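Q: Please take one part of this protein and look at it closely, describing what the part is built from and what lies around it. A connected account would be more useful to me than a list.

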Amino acid sequence: MTARNLLLLPGDGIGPEAMAEVRKIIAYMNEAQGAGFVTDEGLVGGSAYDAHGAAISEEDMAKALSADAVLFGAVGGPKWDDVPYEVRPEAGLLRLRKDLELFANLRPAICYPALANASSLKPELVEGLDILIVRELTGGVYFGEPKTITDLGNGQKRAIDTQVYDTYEIERISAVAFELARTRGNRVCSMEKRNVMKSGVLWNQVVTATHKEKFSDVKLDHMLADAGGMQLVRAPKQFDVIVTDNLFGDMLSDVAAMLTGSLGMLPSASLGAPDAKTGKRKALYEPVHGSAPDIAGKGIANPIAMIASFAMCLRYSFNMVTEADRLEKAIANVLDQGIRTGDIMADGCRQVGTVEMGDAILAEFKALSA
Ligand code: NAD
Ligand code: IPM
Ligand code: MN
């Protein structure tokens, strides 16, 4: 069988702790199932800055460009608060997204039945929740120019970030959202702020036109993004797929994370366009959470977001749907058994650390694979 090339970029803080649990699953799949994963490792974020003075080296960028998929842990932390803006840890992740053209970021927020009590919302509001946020990832205010801080010479400075969207960027992300909606609840809600932003006006027009031209079988709604945030915590189950821009998607997905119990639960897939010849798409899989400096090094981080990101990798990059389903089922079973890391702990459950949670999921995955 052909090799499946994976680049592992554990990063900083809890990134390496969570990645270690995925490494065990990869090793098992290679040994017991002949999965043929060939892994390489690289540095990103603060760890890369410490080693090379850049948030990712050219060598590791080249590896990322040639891998079948990249698994990314997390970057950042107080140690690098004062490094120059261009080489701060987060710049490594932004460069990966931009250079690999990973414009579509899928952030599923699923409330596992056993965790309905772990959410800060009432259990009946989140029980059975299954929404998908489709976040545009290579445009908007994250990358728009100019992006500057200028000294005005009168004791004042001016900071500028620029929100830019072109038609093609909105077309391709909304097409991804509509296509995915067809595979699930067949509903898309587009969120922008057309009441104050020109980019919101264009966003709304292009999503509407794309829908009319190619996806009129899907139900489309529009919401102003601030109201969307409110609706996400008022009645989250009203949503199926949400499509939104880079910045709103960042914020709304952290909100959605808490509906599922913890930021430590939310995986994501960052995908490029399929290659015209091979159909393959560049992809990076990353938990939604960050490096969690407050708990890093303590062995208590929840590895589920990272493991579930690997499940998305199996599904989207390698079409290993059975294995992806099994891994997600293994996570659900472990939660049903009452095994919990501290962030999702509840009365009557058994609290474990990162390694034990990883071991429990692997054991369950093995049992389901037998
Ligand atoms: P964070 O996601 O790192 O942490 C927010 C809170 O959630 C913390 O209390 C943390 O302990 C908790 N948390 C996060 N993941 C957890 C897990 N797996 N298990 C248990 N608890 C978890 O966000 P932050 O504190 O705002 O940012 C810290 C650093 O991470 C910053 O430098 C930020 O830029 C960076 N960051 C990186 C990424 C990424 O690499 N993809 C994403 C978000 C933030
Ligand atoms: C995320 C993170 C990143 C973002 C940072 C670390 C660049 O918050 O993936 O949600 O803002 O996109
Ligand atoms: Mn974020």
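A: Helix axes are lines fitted to C-alpha atoms over the stretch in contact, and their angles run from 0 to 180 degrees between N-to-C directions. The model is predicted, so local features need pLDDT of at least 70 and side-chain atom pairs count only at pLDDT 80 or more, while totals for chains, interfaces and linings use all residues. Residues are numbered from 1 along each chain as its sequence is written, with chains lettered from A and ligands numbered from 1 in the order in which they are written.

The part chosen here is helix H10 (304-316), where helices are DSSP runs of H or I with at least four residues, numbered from the N terminus. The axes of H10 and H11 (321-336) come within 7 Å and cross at roughly 160°, and the two helices are therefore roughly antiparallel to each other (over 145 degrees; under 35 is roughly parallel, 65 to 115 roughly perpendicular, and the rest oblique). On the H10 side, the contact (C-beta atoms, placed from the backbone, within 7 Å) is made by Ile304, Ile307, Ala308, Ala311, Leu314 and Arg315, which meet Val321, Glu323, Ala324, Leu327, Glu328 and Ile331 of H11. By class, this contact has 9 nonpolar, no polar and 3 charged residues, with Ala, Val, Leu, Ile, Met, Phe, Trp, Tyr, Cys and Pro taken as nonpolar, Asp, Glu, Lys and Arg as charged, and the others, Gly among them, as polar.

H10 also packs with helix H1 (residues 14-33), and here the axes come within 8 Å and cross at roughly 45°, which makes H1 oblique to H10. Met306, Ile307 and Phe310 of H10 meet Ala18, Met19, Glu21, Val22 and Ile25 of H1, giving a contact with 7 nonpolar, no polar and 1 charged residues. Ile307 takes part in the contact with H1 as well as in the contact with H11.

H1 in turn has helix H12 (residues 354-369) as a partner, their axes coming within 9 Å and crossing at roughly 25°, and the pair is therefore roughly parallel. From H1 come Glu17, Ala18, Glu21, Lys24, Ile25, Tyr28 and Gln33, and from H12 come Thr354, Gly358, Leu362, Phe365, Lys366 and Ser369. The class count for this contact is 5 nonpolar, 4 polar and 4 charged residues. Ala18, Glu21 and Ile25 of H1 thus appear in the contact with H12 and also in the contact with H10.

The wider setting is a protein divided into domain 1 (1-103 + 272-370) and domain 2 (109-265), with bounds from an automatic or database assignment. The contact between the domains takes 20 residues from domain 1 and 21 residues from domain 2. On the side of domain 1 that touches domain 2, the elements giving two or more residues are H4, H10 and H11. That side has 12 nonpolar, 3 polar and 5 charged residues.

H4 (residues 89-99) further supplies 3 residues, the largest share, to the shell around ligand 2. This ligand is surrounded by Glu90, Leu93, Leu94, Asp250, Val288 and Gly290, each with its backbone-placed C-beta atom within 6 Å of it. Ligand 1 has 22 residues around it, and the closest are Gly76, Gly264, His289, Gly290 and Asn302; its shell draws at least three residues from each of domain 1 and domain 2.

Technical notes
Two residues are in contact if their C-beta atoms, placed from the backbone, lie within 7 Å.
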